[in-house]
Amino acid sequence: MEMVYHLFLLLGLSDDPDLQPLLFGVFLSMNLVAVLGNLLIILAVNSDPHLHTPMYFFLANLSFVDICFISTIVPRMLVNIQTQSKGISYIGCLTQVYFFLIFTVMDSFLLTVMAYDRFVAICHPLRYMVIMNPRFCGLLVLMCWLIIFWVPLIHILLLRRLNFCTILKVACSDILINNIFLFVATALLGVFALIGILFYSRIVSSLMRISSAAGKYKAFSTCGSHLSVVSLFYGTGVGIYLTSAVTHPPQRSSIASVMYAVLTPMLNPFIYSLRNKDVKGALGRLLGLGTTCL
C-alpha cells in the first residue's frame, strides 16, 4: 500500500478492466453465501431447543464472528471494484485492520474453546454438564472478547505513531517497538492455537482407544465437523503464509489472502450442516423443509 496525501492506495486483485465485472460478481456471490449460511446457523441454534448445548453455543458465536470477519473485507472491496477506486483513508485503513485482526484472532480463540469443549465431552463425559455449564461457557466467550479487543488496539496505537513514506517496511519512523510487540503478541496468541492442538491430540488418542466400531463412529461424528473446520482454518492460513513467503508478485499474495478471508467463512456453514445431523434437522425445521429434504 502506498500513502499519498493521507490516502493508502490499495493494490487490488487485477488492473485488467475486463476482469472487474467478473471479480465483482464472484466476490458478491461468495459474500452473500457466507453471510446467509452463517446467519442460518445462528437462527437454527437459537430456534431449536435441541441445539441449546455448549457445542452449538460456541458454533453460533463462530458463525457470528465469521459474518463480521468477511464483512470487514468484501464490502469495501466491492465498492472499490464498482467505483474503480483504489484509495482508502489512513483512518479507514487502520479501522479495517483493527477489526480484521479482532475477528481473525477471535476465530482462532473460538476454535480453541470448541476444542476444549469436545475434549471434555469425549475424555470426561460424566463431568461434561458440570464443567461446561452455561455460566462457564459465557465466561469463556467473554474472556476471549476482552483479550481480543485490547491486543489489536495496542497494535493500531503503535501504528499511529509511525510516519509512513511508502510502506511499513520502509516507514520513516523507528518500528522497533512495533516489531517487538508483534513478536510478543504473536507468540502469546500462538499459545492458544498450540493448546487447541494439544486438545485435539488427546481427543484423537481417546477416540482410537474406543474398541467398538459403532462407538468410534458416534464419537467421530460429534467432532468430525469441528476437525474439518480447524483443518480448513489453520491449513489455509499456513498455505497463505508459505505462498506469501515464496511469491514475489504482490498481487498473487493479495489474491491468496482475499480468498482465505472469503472461503473460510463461506465453507464453515456447509461443513457443519452437511456433516452434522442435528444441524441438518434444525435447519430443516427452521426452513419448514423437514429433515428428509436435507
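What is the volume of the largest cavity? In this predicted model, the answer comes out at about 30 Å³. A search of the whole structure turns up 1 cavity of 30 Å³ or more, so there is not much of a list to work through under the cut-off of 30 Å³.

As for what surrounds that space, the lining of the largest cavity is made up of Met55, Met114, Asp117, Arg118 and His226. Sorted by character, these lining residues split into 2 nonpolar, 1 polar and 2 charged. Helix H4, spanning residues 90-123, chips in the most, with 3 residues of the lining.

Two further residues are worth a look, starting with Phe136. Phe136 sits in helix H6, which covers residues 134-160. Its relative accessibility is 27%, so Phe136 lands in the partly exposed class, which runs from 20% to 50%. Once neighbours within four places in sequence are set aside, Phe136 is in contact with Tyr116 and Ile131. There is also a longer link along the chain to mention: Phe136 and Pro54 are 82 residues apart in sequence, with their C-alpha atoms separated by 9.6 Å.

Then there is Asn31, found in helix H1 (residues 20-47). Is Asn31 buried or exposed? With a relative accessible area of 11%, Asn31 counts as buried, because that value falls under the 20% cut-off. Leaving out residues up to four places away in sequence, Asn31 touches Ile70 and Val74.

How values were computed
Residues are numbered from 1 along each chain as its sequence is written. This is a predicted model: local features need pLDDT of at least 70, side-chain atom pairs count only at pLDDT 80 or more; totals for chains, interfaces and linings use all residues. Side-chain values use heavy atoms; hydrogens and water are left out. On a 1 Å grid over the protein atoms alone, a cavity is a set of points where a 1.4 Å probe fits but cannot get out, and a pocket is an open set with protein on both sides within 12 Å along at least five of seven lines; lining residues have an atom within 4 Å of a point. Grid points are joined across faces, edges and corners, and a volume is the space filled by probe spheres set on the points. Helices (H or I, at least four residues) and strands (E, at least two) are DSSP runs, numbered from the N terminus. Ala, Val, Leu, Ile, Met, Phe, Trp, Tyr, Cys and Pro count as nonpolar, Asp, Glu, Lys and Arg as charged, and the others, Gly among them, as polar. Buried means under 20% relative accessible area, exposed over 50%, partly exposed in between (1.4 Å probe, protein chains only). Contact means heavy atoms within 4.5 Å.
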